[in-house]
Every structure is written in structure tokens, then in C-alpha cells.
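Reader: I would like a close look at a single part of this model, taken slowly and with the reasoning kept visible. Please begin with one residue and work outwards from there to whatever surrounds it.

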2 protein chains.
Amino acid sequence: MSATEALVEALRAAVSDPSRVTTGDSERRLHSEDLTYHAGRDPDVVVYAVDTQEVSRVLSVADEHEVAVTPFGAGTSLEGHVIPLQRGISLDLTRMNDIISLWPSDMTARVQAGVTRLQLTRAAAEHGLFFPVDPGADATLGGMAATNASGTTAVRYGKMRPQVLALEAVLPGGRVIRTGTRALKSSAGYDLTGLLVGSEGTLAVITELTLRLQPIPEATTLTRVSFADIETAGEAISSVVSAGLAVSRMEVLDEWMVRAVNNFADAGLPEDPTLLIELSGSRAAVDADLADLSELLAAHAPTGRVTETDPTAQTRLWRIRHDIYFAEKAVSPGRENRSTDVCVPVSEMAGALRASRELIDQHGLQAGIVGHAGDGNIHVAILTDTDDEDEMARARALTDALVDDALARGGTCTGEHGVGLGKIDALEREHGDLIGLMQAVKRVFDPKWLLDPGKVIAKPHD
Amino acid sequence: MSATEALVEALRAAVSDPSRVTTGDSERRLHSEDLTYHAGRDPDVVVYAVDTQEVSRVLSVADEHEVAVTPFGAGTSLEGHVIPLQRGISLDLTRMNDIISLWPSDMTARVQAGVTRLQLTRAAAEHGLFFPVDPGADATLGGMAATNASGTTAVRYGKMRPQVLALEAVLPGGRVIRTGTRALKSSAGYDLTGLLVGSEGTLAVITELTLRLQPIPEATTLTRVSFADIETAGEAISSVVSAGLAVSRMEVLDEWMVRAVNNFADAGLPEDPTLLIELSGSRAAVDADLADLSELLAAHAPTGRVTETDPTAQTRLWRIRHDIYFAEKAVSPGRENRSTDVCVPVSEMAGALRASRELIDQHGLQAGIVGHAGDGNIHVAILTDTDDEDEMARARALTDALVDDALARGGTCTGEHGVGLGKIDALEREHGDLIGLMQAVKRVFDPKWLLDPGKVIAKPHD
């Protein structure tokens, strides 16, 4: 019996239904990659766990057989997090999808890791509540916590970390731990909840989460405003952020990107750098802040400005934003969209946006710029022909140059996509003095280095 | 030469002015205790550091001499954090009090660890900004980060952790590390910033912080509302929290505590359980929310209700709240005020407030109840005669009973004061399964266990 056959046999004994352990080619292929350009790799075996005890037993088997385990949710991560670099076990958590409890008067919920954000938001809506973090994809909440996801609404609500009050997680070897409580705040020892959030599946497998919910705002408006150049757009971003308005989303699209969405969706937008600014809150607050916003934007001489109060019109505009991925691919069919993700202080947005366009041109690449402007988070979506080695090399060089520019501005190599396997070098450039500490923390949780190896930090030479 | 003499000599060589290393009795006494009932202990030597390099050299000397180091800020902590249990060095950071940079358009500031919150708020006010975390005392920001402090405004702005974007800190042995960046968000590796925040000075000595600031709200109102009993007050708290109003503070005082402040400050408040509810934001938002708040409170049949819009009248009421410590001591002069600190889900406030009063009575003690109601954070301020062993035993028993009640309600043993030396047993009751992990994390940062030993977690038997 081969080592893999022995592993599969042990895994089949570890779950209540052996058919949830599979070595079928199509299942393994489905667990080989995420949504990005990173090359996939098939796991040896896929296990669909249905409860925490099964996750525990799977991690115990992995420990005995000393094989790697890579947790898998919706597979929508953007830095290769779910690619099983050392093969082994892909541990699929999507069948752990129960909303265990929802406490409307506390505005909290306890969910299994495979519940998706839209599933939770639908359940919360019955109580006038919603789950605020929106990375675009309908990701699992376990995956969103593991990667400390954010997206369009982080400017108001923050990323995943402040939403997570408590976790249940399984350590390599199979021990189940519980961090945090249902109380809204705590000072009870080191913040292991916050440490597991954003650890990208390398410290423990998250199996349950207790999350904060938010009241659905009474009123929402969406202002689309364009400017003569990207630097003026950047200055407008700084003005709006520091004005303390009830901003719940603020997105930026550069001229190239606006042309792409016009071509793709017949959007008919003025082909200038554009901001989408959502205000939300009580009707009185939104009305008052909208007047302030208009006055403030006027000072930056916009080339166009429309405010939508009708929900349908707002949804239409947000769909354009959410379809950017497809709009961009349509610019050059056959090329892949390779998205960068840096974050800079908001006051650096004007300079960083201008530098991004200059660097794109210097590298002779086709790319649009889009960003969560209120956070200073910039994505350059580079169109790449993965068979063109020279173009791929220039795309990598551009990515490095964008990271260096962000670091020089006091920013970070990743605002939200995480390190995964694509930013390990960038993390070392940003926090070289911390890598040894991070490796030592990893050893505390995962002494045999079996959880999602090859992600976040390199394994030190023993 | 004794070991202490050798230590002092090495420390004097490590700082630029040897007079900042002192073994004088009065200096050592000033660094022997915090504001609480915990018994003090004099350090062997006090060092006043003026920059990061000196902190580094002091930690290097401590490492060579294998003596304990206890960081000291304003000395206003509430669980004995600054008491040097193993004597050694008390490292005073209050002279590191430069506001290094303040970026108004980013709403961020970089400060040395000894800057106090009011010092920063005064500097920020010139730009229409303020620092939102208010634990009452004018603590140092380094100490507030170390203990993850909160206070009256956490219901709106959160505790210290979400305010801290980046840290400079010195590890035991003297290595200087830098975590985080000036960007508002990051996913660059494990969250070591968040791990150091709340580590209570046991993992590293914080020397610099990059902090978020907030716009000063345009309008603020303060509503004082009283109810027939504490349970009704608790129900009103839940209603207000889940209504999503622009609440920036919500405090609760029980009947006993209201009587105490009436006697102390001639406050003339109705002697019923009372909430103080602050709304703040744009004038339009506050006006609209105040109407909603009034309607909502009316449903709980208040026994009295007044809304102050005049800033002077609001300040007068907040002074009453802030003087509670003295009001309570005046109830029984000579007795010490021993404050507990549990936090429960907001929906459990009604039950927890009633249980707190019942437990106080069962233990035959004099105590008032005050809390940061919007967070579910309850303090029982027990009046204790420290020379009366029976009373002290009953106070300890009451503290334990209140922790057990909070844990049974899904809450935590400490909402904001931290573990220090007073809650080590309580932390084990709450998170017994995590103590081993926390000890291992401690070893990563502090292999010789020299930083503030005896706090947060017990040292494992080697």
C-alpha cells in the first residue's frame, strides 16, 4: 500500500461517511487553484468535513502521516492561499454551513466556517441587520476571517478582524481551541482571536466564528464624480476622508478603467478618473452630509457629477464596479487579469495613483487602476498573456515596483489580498525584522509546519 | 560589589545621563504600585529612558544581568500591571513624550510611548481632530496600548487595538522591531501589532505608536434617564444599542451609586438606576437620532429624563460620572475602592446588573455598580477595609462570583482592566485551553521571562 493509499484509508476511517474523502481527478482539480494567475497544483486527496470533530480527526491523521493540510472555502482568494503546494490534503469546509445562532439584540451571530457572507446577510436581514464586510465574491466567512478580508465597505466598518469576537479553531494535531467570547470587548490575555484572523490558514483551521452584525442604514446615496486627472481625484479623496462624513464606500477608477467599463457594459460614463462615493446612515444624516459632500467636491472642479438616491440606479452603478474584472478581461481577450494590492496613507493617494500609471506605462503593459479609495487601497489590474515570458517578467517587475512605491510612501505591500504565496518576498522587504518572530509564532501553533506550507512565510532552514 | 550595585553601574553606563538611574527610596516607592488595592513592591532601581536606544540598552543590560524589567507609564493601571513583583528595574517611559508627527489629512499621528492621551488630543484639536479612547485617567498612550485600554467611548470607537496602526517596540535583549505601517489597513503577515496591544508589557516595551485620530463631532447631546429598577435600565440599554443610533457614550449607574454621587457632589439626581447617553455626529444626525432616542426610551417608562444640549451642562454631568471614585470612597471614609471589571453580551445586561446587586448583598458588602453599558461592561466598586481579613475574603469571593456569572452569560472576566496580577486565575477559568499557547507565545518574545513577570499568565514549571 502506498503512503497516499494509507493516508486515504485513515481519512476514510476518520469521517462518518467515507465518500466524503475523494481522490477523483475532477474533485482534486477543483481544489488545485484560486481565482488568480498562480499555477495550480492538485492535492493528493480532498476531504469534505461536516463538523469540528471531523476537522479534528483529519488534522490528527495528517499529523500522524506528516502530510500537509490546506483549508479550502469558496476558493476565491487572490494570492494562491488554497493551492496545496505540497499536495497532501485539501480540507474543504463548505459543507460546514450552519448559522448556529443569531442574536438580534446583541447584533451578533455564531456561524460555522463554511457559511458565506451573503447567506449570513440574508438571515440577518430578517432582523434589520447585515454583515458589513464585502470583498466582492460570496466567500465563506471562515476564509474571510483567515485572510482578514475587506473590500468596498472597510472605510466604514473595518476589515474582518474587528468583526470577529470569538473563534473555534483546530490546531495541527487535532486539538480544538476556543478564543474570545460573545461580549463586545475583552482584555482577557493575548489576542489569539486577532492573531488567527489574517493568519491565512497557516496557524489553525477555523471551524466556527462569532461575528458582529450592523443595522441596515435607513438611507443610502451614491455619488459618481469625475475629475480632469487622477491627481485631482486623489486630492478629492483626501478631502472627503478627513471631512468625517457618513461615507460607507468610496471607490476610484482611473480613466483606462472607465473606458473598459464603458466598452464592456455600455456604461456611458465620462471617460475621466472617477470616484463612487456612498453615504449611508439615518435619512437626516445622509441628507446633511450630501450637501457638505457636494460643496467639498465642487472645490476640486469635477468634470461630471451625478447623485443617485434611487436604489435601482445605485445597484446598476455598483454592478459596473463589481463587473470590472470581466470588463478588463474584455479589453484583451485571452489575457489573464493579475491584480496587485498595495495600501498607502490616504494623503499619498494622489501621488500613488499618478505613480501607478507612470509605472504601468514604463513597463509597457496594459492595466487599469481601481481602488478602495477611502482606505488608500490601490489595485492595478495587469492584463497578462501567461504564455508570454517577457510580458510575465514585466508584470512581475511592475508588481515589485508598485510595492516599492507603496513602501516608500509609508504604506504596505498588501491592503487586503494577503501574502499567500505571491507576496512572501514583499513581506520580507516590508517587515524583514519580523519574519523570525512570525516563524517562531508559526512553530508554536504548527511545530511540524504542516498547515498550508509555503504561504505567508518561508519555512526556516532547520 | 553586590548584584544590584553591578546592575546600577551597568545601567548608568547605558544612558546618556546617569542621574536618570536612581535607587532613591522615594523614586522607588513612586514606582511600586498602581491605583489599586494590590500590595506594592519597590523595584531595585528606576530608570527614566529618553529614547528608544536607551530602552534598548536597558533591556540589553537586564538580559545580561537576568533581572526583571517592568515598564511604567502614568501608573494608572487597575490590575497591578506596573508593580515590579520580582523587583529589578522599573523602566519609566514618561520622559519619552514627543508627538513626533501629526498628519491631519490622514487623521493619524506618531507619538512616543510616554505621550498622554490629553496631550495628543490637545495637539489634534488644532486640526479639528481628537484621540477617542478615554479611560478616565490621563494615561500614557504606550500604557493604554499595552493594556488595550477603553472606557466611556469604546461603544463608538472601539478599544485601543483598532486605533493602533503601527508600533515600534523593544524586545527583551534589546532588539528594536517595527510592526504595521501608516496605511489604514494591511494584510502583511501575522498581526503582531494587535498581539503587542493588550500584552500588558509582557512581550515587548512599546516605544512609539502610530495612532488613528477622529474628527471632533459637530454636535453632541447628553441624555440622563432613570428607571424604576436596574432590570428595566438593562432592557433600555439593549433597545438603544440595537437601534443603531449615533451613540458615542452610554453609561449606567445603579441606585446605590446615584445616592453616593448625590451625597458627594450634591448632584440632585433622582435616586433610581440611571443611564447617561451621549449622541454625537453632524447636527442633523444628532437631532434626528435624539427624537428616535426619546421615543425609544419612553417605551421603558422612565422615572425621569433630561437632555442637555449646552456643553457646560454636559460637562457638569460627565464630571459627576468621572468623580464616582471619590464619591464612592466618601460613603465609607478609610475603605479602599476595589473595582471589578466583567463584560457580558448586551442582551445579558439586565440579568447581569440584577445578579450583581444580589451577589453584593449576599456577600454583605457595600458596593456600587457602574458600567459602560453600550459594551456590556460592568464594574462593581467594592468598598473594602484592607485591614479586615474577613471583609477582604468576602470581596475576593464576590469578585470570583461576578466573574463566574459573566462567564455563564457568555461574557469575559475582564472587559478593559486586563489580567495583570489580579485576574490570572480568572483567565485560566475563562480560557484554560489557551494558557499553554499564551505561555509559548510569551517564550517567543521573552525566552528568559524577564518582562513584567507574574502578570497575565503564570510561568510554567520548567
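Author: Ser347(A) sits in the loop between strand 17 (342-343) and helix 13 of chain A, and, at 28% relative accessibility, this serine counts as partly exposed. The model is a predicted one, and what follows should be read with that in mind. Once residues up to four places away in sequence are set aside, Ser347(A) touches Ser238(A) in its own chain and Ser105(B), Asp106(B) and Arg182(B) in chain B. The C-alpha atoms of Ser347(A) and Gly234(A) are separated by 8.1 Å, although the two residues are 113 residues apart along the chain.

Gly234(A) leads on to a pair of helices, for Gly234(A) belongs to helix 8 of chain A and is among the residues there that meet helix 13 of chain A. The axes of helix 8 and helix 13 of chain A come within 7 Å and cross at roughly 155 degrees. An angle over 145 degrees counts as roughly antiparallel, and helix 8 and helix 13 of chain A are therefore roughly antiparallel to each other. Their crossing is right-handed. On the side of helix 8 the contact is made by Ile230(A), Glu231(A), Gly234(A), Glu235(A) and Ile237(A), and on the side of helix 13 by Met349(A), Ala350(A), Leu353(A) and Arg354(A). Sorted by class, this contact has five nonpolar, one polar and three charged residues.

Two of the residues in that contact, Glu231(A) and Arg354(A), also meet through their side chains in a salt bridge, at 3.3 Å from N to O. The pair links distant parts of the chain, with Glu231(A) in helix 8 (residues 230-242) and Arg354(A) in helix 13 (residues 349-362), 123 residues apart. Glu231(A) counts as partly exposed because its relative accessibility is 26%, and Arg354(A), with a relative accessible area of 39%, is partly exposed as well.

A further residue in this part of the model is Arg409(A), which has its place in the loop between helix 14 and helix 15 of chain A. Arg409(A) has a relative accessible area of 18%; the limit for buried is under 20%, and so Arg409(A) is buried. Leaving aside its neighbours within four places in sequence, Arg409(A) is in contact with Val344(A), Pro345(A), Glu348(A), Gly351(A), Ala352(A) and Ala355(A), and also with Arg182(B) of the other chain. Arg182(B) thus appears in two lists of contacts, that of Ser347(A) and that of Arg409(A).

The loop that holds Arg409(A) also holds Glu416(A), whose side chain meets that of Lys185(B) in a salt bridge of 3.1 Å, N to O. This pair crosses between chains, running from the loop between helix 14 (389-408) and helix 15 (424-431) of chain A to the loop between strand 9 (176-180) and helix 7 (192-196) of chain B. Both ends are shielded by the criterion used here: Glu416(A) is buried, with a relative accessible area of 10%, and Lys185(B), at 5% relative accessibility, counts as buried too. With the chains exchanged, Lys185(A) and Glu416(B) likewise meet in a salt bridge at 3.1 Å, N to O. Lys185(A) lies in the loop between strand 9 and helix 7 of chain A and Glu416(B) in the loop between helix 14 and helix 15 of chain B, so this pair also joins two chains. Lys185(A) and Glu416(B) are both buried. Over all chains, the count comes to 54 salt bridges.

The two chains also meet through helices, since helix 16 (residues 435-445) of chain A and helix 16 (residues 435-445) of chain B have axes that come within 10 Å and cross at roughly 155 degrees. These two helices are therefore roughly antiparallel to each other, and helix 16 of chain A passes helix 16 of chain B in a right-handed crossing. Chain A contributes Leu437(A), Ala440(A), Val441(A), Val444(A) and Phe445(A) to the contact, while chain B contributes Leu437(B), Ala440(B), Val441(B), Val444(B) and Phe445(B). By class, this contact has ten nonpolar, no polar and no charged residues, whereas the contact of helix 8 with helix 13 in chain A has three charged residues among its members.

Definitions and conventions
Residues are numbered from 1 along each chain as its sequence is written. Chains are lettered from A and ligands numbered from 1 in the order in which they are written. This is a predicted model: local features need pLDDT of at least 70, side-chain atom pairs count only at pLDDT 80 or more; totals for chains, interfaces and linings use all residues. Side-chain values use heavy atoms; hydrogens and water are left out. A salt bridge is a side-chain nitrogen of Lys or Arg within 4 Å of a carboxyl oxygen of Asp or Glu. Helices (H or I, at least four residues) and strands (E, at least two) are DSSP runs, numbered from the N terminus. Buried means under 20% relative accessible area, exposed over 50%, partly exposed in between (1.4 Å probe, protein chains only). Axes are lines fitted to C-alpha atoms, for helices over the stretch in contact, and angles run from 0 to 180 degrees between N-to-C directions. Angles under 35 degrees count as roughly parallel, over 145 as roughly antiparallel, 65 to 115 as roughly perpendicular and the rest as oblique. A crossing is left-handed if the near helix is turned anticlockwise from the far one by less than a right angle, and right-handed if clockwise. Contact means heavy atoms within 4.5 Å. Ala, Val, Leu, Ile, Met, Phe, Trp, Tyr, Cys and Pro count as nonpolar, Asp, Glu, Lys and Arg as charged, and the others, Gly among them, as polar.
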